[in-house]
Amino acid sequence: MSVWATARAACAALATLLAVACAPLPTTPEAGADGVSATGAPAARPTLRPLERQPPAAAEAPRSRVVQIFPDLGETPDGPPDDLQVEEFERGGGSWYGVQFHRRRTASGELFDMTSFTAAHKTLPFGTKVCVRSLVNGREVLVYINDRGPFTPGRIIDLSQAAAEQIQLTTIGFKQVSLTVIPEEGGRCAGERVEGGLAPINMAAAPRPAPARRAPARVVNKRKR
């Protein structure tokens with residue numbers, strides 16, 4: 001056998017092996033290893049169907065519902081929001097004062113207490129309840145008027161140190177605020193119900209220093225000549 005005949009025989013054997021390896025597998029249970037059904041007829045190739053799209057399991061679960069509660073709407077756990085509408089009284093600069101005036105007598109006669117929720121205003125009657133709202137961060141604090149001031153242009157109210165801390169006023173010492181006077185029928189401040197009417201003024205006497213005693217007048221006797 002020549003070299004060319006040997007090469008041709010090898011190529012034919014290789015082609016036969018490739019054809020067997022690439023032969024399709026049985027497509028139906030009735031088809032045998034040679035792709036022929038038990039009846040002798042060629043096995044039918046099944047038609048391809050698109051895959052059904054299954055929804056993810058997370059989509060079947062109910063979605064959580066986020067409920068937002070806004071204090072300005074007056075919603076409380078005890079009952080429905082109040083319908084009372086209170087108008088804004090004044091808007092301007094707010095400042096505060098603290099330890100340097102602690103235990104000193106205010107214009108109302110009450111002793112200033114930097115830990116109490118009080119304030120100074122130029123015209124509002126003493127005892128008036130005022131809801132002070134920061135126009136920077138939206139925080140609110142309820143105070144009552146027991147002093148006069150501030151007397152700096154552009155400022156409308158002076159808060160005690162405790163009240164100023166509630167609306168974060170002490171961080172810079174001066175912020176824009178709005179004032180809402182609580183009416184006789186009551187209102188809301190900082191998300192809580194507030195009773196109307198004037199706050200009582202504590203007129204407790206402040207400890208005063210004892211008056212200095214005067215030295216007795218010196219009598220000079222004049223002799224007659």
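Cys189 is buried, with a relative accessible area of 4% (buried means under 20% relative accessible area, exposed over 50%, and partly exposed in between, for a 1.4 Å probe and protein chains only). This is a predicted model, where local features need pLDDT of at least 70, side-chain atom pairs count only at pLDDT 80 or more, and totals for chains, interfaces and linings use all residues. Residues are numbered from 1 along each chain as its sequence is written, while side-chain values use heavy atoms and leave out hydrogens and water.

**Exercise 1. The disulfide**

Find which residue forms a disulfide with Cys189, and work out its handedness.

Step 1. Look at the sulfur atoms: those of Cys131 and Cys189 are 2.2 Å apart, and the two residues form a disulfide (a pair of cysteine sulfur atoms within 2.5 Å). The count by this rule is one disulfide.

Step 2. Place the two ends. Cys131 sits in strand S3 and Cys189 in strand S7 (residues 187-189), so this pair, 58 residues apart, links distant parts of the chain. Strands here are DSSP runs of E with at least two residues, helices are runs of H or I with at least four, and both are numbered from the N terminus.

Step 3. Check the cover and the twist of the bond. Cys131 is buried, at 4% relative accessibility. The disulfide is right-handed because the torsion about its S-S bond is about 80°.

**Exercise 2. The barrel**

In what order do the six strands close into a barrel?

Step 1. Go round the ring: the order is S1-S5-S2-S4-S3-S6, with mixed pairing. From one strand to the next, the twist averages 45° (axes are lines fitted to C-alpha atoms, for helices over the stretch in contact, with angles from 0 to 180 degrees between N-to-C directions).

Step 2. Start with the pair S1 (residues 90-97) and S5, which is parallel and has five bridges (strands pair if DSSP finds at least two bridges between them). Here Gly93 stands opposite Arg155 of S5.

Step 3. Move on to S2 (residues 118-120), which runs antiparallel to S5 and is joined to it by two bridges. Ala119 has Leu159 of S5 as its bridge partner. S5 itself (residues 155-160) is mostly covered, with five of its six residues buried.

Step 4. Come round to S3 (residues 129-134), which pairs with S4 over five bridges in the antiparallel sense. The disulfide residue Cys131 turns up again here, with Leu142 in S4 as its bridge partner.

**Exercise 3. The aromatic cluster**

Which residues do ring pairs link into a cluster?

Step 1. Collect the pairs: there are two aromatic pairs in the structure (rings of Phe, Tyr and Trp, the last by its six-membered ring, pair if their centres lie within 6.5 Å; planes under 30 degrees apart are stacked, over 60 edge-to-face, and the rest tilted). One of them is Tyr97 with Phe101, an edge-to-face pair at 5.6 Å centre to centre, with 75° between the planes.

Step 2. Now take Tyr97 with Phe112: their planes stand at 10° and their centres are 4.4 Å apart, so this pair is stacked. Tyr97 lies in strand S1 and Phe112 in the loop between S1 and S2, so the pair ties together parts that are 15 residues apart in sequence.

Step 3. Put the pairs together: the cluster is made of Tyr97, Phe101 and Phe112. Tyr97 and Phe112 are both buried, whereas Phe101 is partly exposed at 34% relative accessibility.

**Exercise 4. Contacts of Glu140**

With which side chain does the side chain of Glu140 make a polar contact?

Step 1. Locate Glu140: it belongs to strand S4 (residues 140-147).

Step 2. Follow its side chain to that of Arg133, where a polar contact of 3.0 Å is made (N or O atoms within 3.5 Å; within protein, one must be able to donate a hydrogen and the other to accept it, and residues adjacent in sequence count only if both atoms are side-chain atoms).

Step 3. Look also at Ala190, whose backbone nitrogen lies 2.7 Å from a polar atom of the Glu140 side chain.

**Exercise 5. Backbone details in the loops**

Which peptide bond is cis, and where does Pro150 lie?

Step 1. Gly149 and Pro150 are joined by a cis peptide bond, with omega about -10°. Pro150 is in the loop between S4 and S5.

Step 2. Add a positive phi: Arg103, a residue other than glycine, has phi near 70°. Arg103 is in the loop between S1 and S2 and is partly exposed at 49% relative accessibility.
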